[in-house]
Every structure is written in C-alpha cells, then in structure tokens.
Amino acid sequence: MKCEMPRPVSSPTFPLAKSARPQKTHAQKALMGGAGKGGGSGFIGTALTRLLKARGHEVTLVSRQPGPARITWEELSNSGLPSCDAVVNLAGENILNPLRRWNEAFQKEVLTSRLETTQMLAKAITKAPQPPQAWILVTGVAYYQPSLTAEYDEDSPGGDFDFFSNLVTKWEATARLPGESTRQVVVRSGVVLGHGGGAIGHMLLPFRLGLGGPIGSGHQFFPWIHIRDLAGILTHALEANHVQGVLNGVAPAFTTTNADFAQALGAALGRPAFIPVPSTVVQAVFGRERATMLLEGQKVVPRRTLATGYQYSFPELGAALKEVVA
C-alpha cells in the first residue's frame, strides 16, 4: 500500500467507511513516524513493525537518529517522502507521565509533539510525485466527552469540550489531506494493554503487592485494547482498500468499568484488588485537568471497526490481561 492520511468520519469532511470485500494482501512498503522519544520504535510502533514484517511488508521508520531501515525527520523535510505504499503516524509525548508536572510548558510539548510531526508527514504526502495509497493516524478516545450514560461510536460528536478533546480535533485536522488520491484512516485508540509498555507498566507493582484497586469511584468506563489488536487494526487499515475514515481502536467489551478492570487485573495476577485510589491522590499526582482522564471515562463502541471485518484476538478483558501478565 501507499502512504495515506486519516479522515475523521465523525466530522462532515471525513468520508464514511466503504463496505467492500477486503483485497488480497501483497507486500507493501510502509513508512512509520511518531513523536516523542519512542515514535515509530516505541511501544505501539515496535508491535506494529513486528506484525507488518511477519506479514511480508517492508517498514521504514522516521526517527531522530539515522540507521538501518530509517530516515530522519531532517531527511524527510529536505528530500521529501520516500517511495512507499502507506504512511502511519503514531502517538506523541506521553500525557500521563507522572514525572512531568501538568503546566503550560508540558501542555505545549504534548500539543507540538503531535501536531508538528503530523504536519510534516501530511505535507510530504501532499508534495509526493506518487503519493501513498494509505495515510493512517493514531489519536485517542479523549475526543469523546466522559459520561456515565452516553455511548459513542465513530459518528458521535465530540472534540470540543476540554484540552484533550480539542487536541484530538486539531491533530486530526492537521492530518487531513486534500483530494482523494490517498485513502485516509484515523484510529482513535483506547488504553493500550500489553507486555513491556502502555498503561499496565505503571500498575503492575501495586497490584502484584495486593495493593491495587479501582481509581476513584471505579464506576467510570474504561475503553481498552490489547496491543496485538491495536497493531492488528492498523495493519487491517493498511492492507484493506475498503477501510477509510474513523475507526474506534477499542475492544468490543465496551461496558468495562475501571472497577471491572481492577478486579480482572487482580484475578489475572491471583491477588486481591480492593484498595481504591482516592480521587484526591490522583489529582495531586497528575493535576486536576489531567486526572479527569483517569477519574472519568467513556463508553466507546468499535462499530465501524467491526463492520470493516476486523476480527479481534482479545475481545474480552480477562483473556487479554492473562496474556499481558503471563
């Protein structure tokens, strides 16, 4: 496939996903970029690269440093987009880094780490003599407003109520390409669960010690996805020519609450998980605005993701967590 940019389907300017039979897979060249320290070689990028290579695709990373199967951001800016079938843009600076204070400087870093790299890739695609066939962007379910009652699919409104939702709106708008020469896909990811990274890394120690439990009330929804399925959805979007627009990158077990997650993680570890983390502690560590990402949640349904024909490896939380902690 060739490099393409995502179009948010929930926005009027984004096309709805087309229903068609998936095409036969053939070897493709994929260019993968990402912001922050990890970028294309971070937690999600590593899993996606592994899967793409296993399926016979060739992967080139855009990174700060040169190396085998890599180009630098400077080379991309100076020489333009190398020949490729698809471009994938991954996450930016980790918003929930507990070691960083939630101040104006960090907020700017979070914003620019996403928008600048996305803008560079989108510009390179637009200028390419032979643009890629697909342009895929990973954003987040923070687009949807937290609620204990609302249910959101890919056509639901959002993106305009706080720093994080506005960030997703700006991010997806920056990625949008003119014309239709490149198929555009946006995957709005939930909390990513997997070995060696993602949300689980910060949670395992207290849970292993029997000190884990729900965050705040525990009633808030917890949209999650196993790393293998997030990589799978991105690969599906790259390979299947009928996929375009917004896909919710969450598991189909969309009624999971934070308390359900805590109980399932405790069960996977064979440990009790009844000690709640008070809201005041979460707010003290992360700041009031950032703490809402943990203390509030959204019920997000992957309706279009399922309609495109993607089949989940880990649709249920229990099996996903047992694999993660094994």
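Below, a reader asks how the terms applied to this predicted model are justified, and the author answers.

Author: This is a predicted model, in which local features need pLDDT of at least 70, side-chain atom pairs count only at pLDDT 80 or more, and totals for chains, interfaces and linings use all residues. Residues are numbered from 1 along each chain as its sequence is written, and side-chain values use heavy atoms, with hydrogens and water left out.

Reader: Why is Leu265 called buried?

Author: Buried means under 20% relative accessible area, exposed over 50%, and partly exposed in between (1.4 Å probe, protein chains only). Leu265 has a relative accessibility of 0%, so Leu265 counts as buried.

Reader: Where is Leu265, and what is Leu265 in contact with?

Author: Leu265 belongs to helix 7, residues 258-269. Helices (H or I, at least four residues) and strands (E, at least two) are DSSP runs, numbered from the N terminus. Contact means heavy atoms within 4.5 Å. Leaving aside neighbours within four places in sequence, Leu265 is in contact with Ile200, Met203, Leu204, Phe207, Leu321 and Val325.

Reader: What makes Ser79 exposed?

Author: The relative accessible area of Ser79 is 66%, and exposed means over 50%; therefore Ser79 is exposed. Ser79 is part of helix 2. Its C-alpha is 9.1 Å from that of Ala124, although 45 residues separate the two in sequence.

Reader: Why is Ala69 called partly exposed?

Author: Its relative accessible area is 48%, which falls between the two cut-offs, so Ala69 is partly exposed. Ala69 sits in the loop between strand 2 and strand 3 (70-72).

Reader: What is said about the phi of Ala69?

Author: Phi of Ala69 is near 55°, a positive value in a residue other than glycine. Most residues other than glycine have a negative phi. A positive phi is also found at Gly56, which follows helix 1 and has a value near 90°.

Reader: How do you know that the span of helix 1 agrees with what is expected?

Author: The expected span of a helix is 1.5 Å times one less than its number of residues. For the twelve residues of helix 1 (residues 43-54) this gives 16 Å, and the end C-alpha atoms are 17 Å apart, so the span agrees.

Reader: Which residues of helix 1 are buried, and what do they pack against?

Author: Ile44, Gly45, Ala47, Leu48, Thr49 and Leu52 are the buried residues of helix 1. They pack against strand 1, strand 2 (58-63), strand 4, strand 8 (191-194) and helix 6 (227-239).

Reader: What is the span of helix 3, and where is its kink centred?

Author: Helix 3 (residues 104-127) has 24 residues and reaches 34 Å from its first C-alpha to its last, close to the 34 Å expected. Its kink is about 25° and is centred on Thr112. The bend at a residue is the angle between axes fitted to the seven residues ending there and the seven starting there.

Reader: Which elements do the buried residues of helix 3 pack against?

Author: The buried residues of helix 3, among them Phe106, Val110 and Leu121, pack against strand 1 (29-33), helix 2 (73-79), strand 4 (86-89), strand 5 (134-140), helix 4 (163-175) and helix 9 (288-295).

Reader: What makes a set of residues a nonpolar core?

Author: A nonpolar core is a set of buried Ala, Val, Leu, Ile, Met, Phe, Trp, Tyr and Cys residues joined through side-chain atoms within 4.5 Å. The largest one has 36 residues, of which Leu31, Leu76, Leu81, Val87 and Trp135 touch the most other members. Helix 3 gives the most to this core, with seven residues. A second, separate core of 30 residues includes Ala86, Val88, Leu90 and Val138.

Reader: How do you know that Thr139 makes a polar contact with Glu172?

Author: A polar contact is a pair of N or O atoms within 3.5 Å; within protein, one must be able to donate a hydrogen and the other to accept it, and residues adjacent in sequence count only if both atoms are side-chain atoms. The side chains of Thr139 and Glu172 make such a contact at 2.9 Å. Thr139 lies in strand 5 and is buried, because its relative accessible area is 7%.

Reader: Which side chain does that of Ser63 join in a polar contact?

Author: The side chain of Ser63 is joined to that of Arg70 by a polar contact of 3.1 Å. Ser63 lies in strand 2 and, with a relative accessible area of 10%, is buried.
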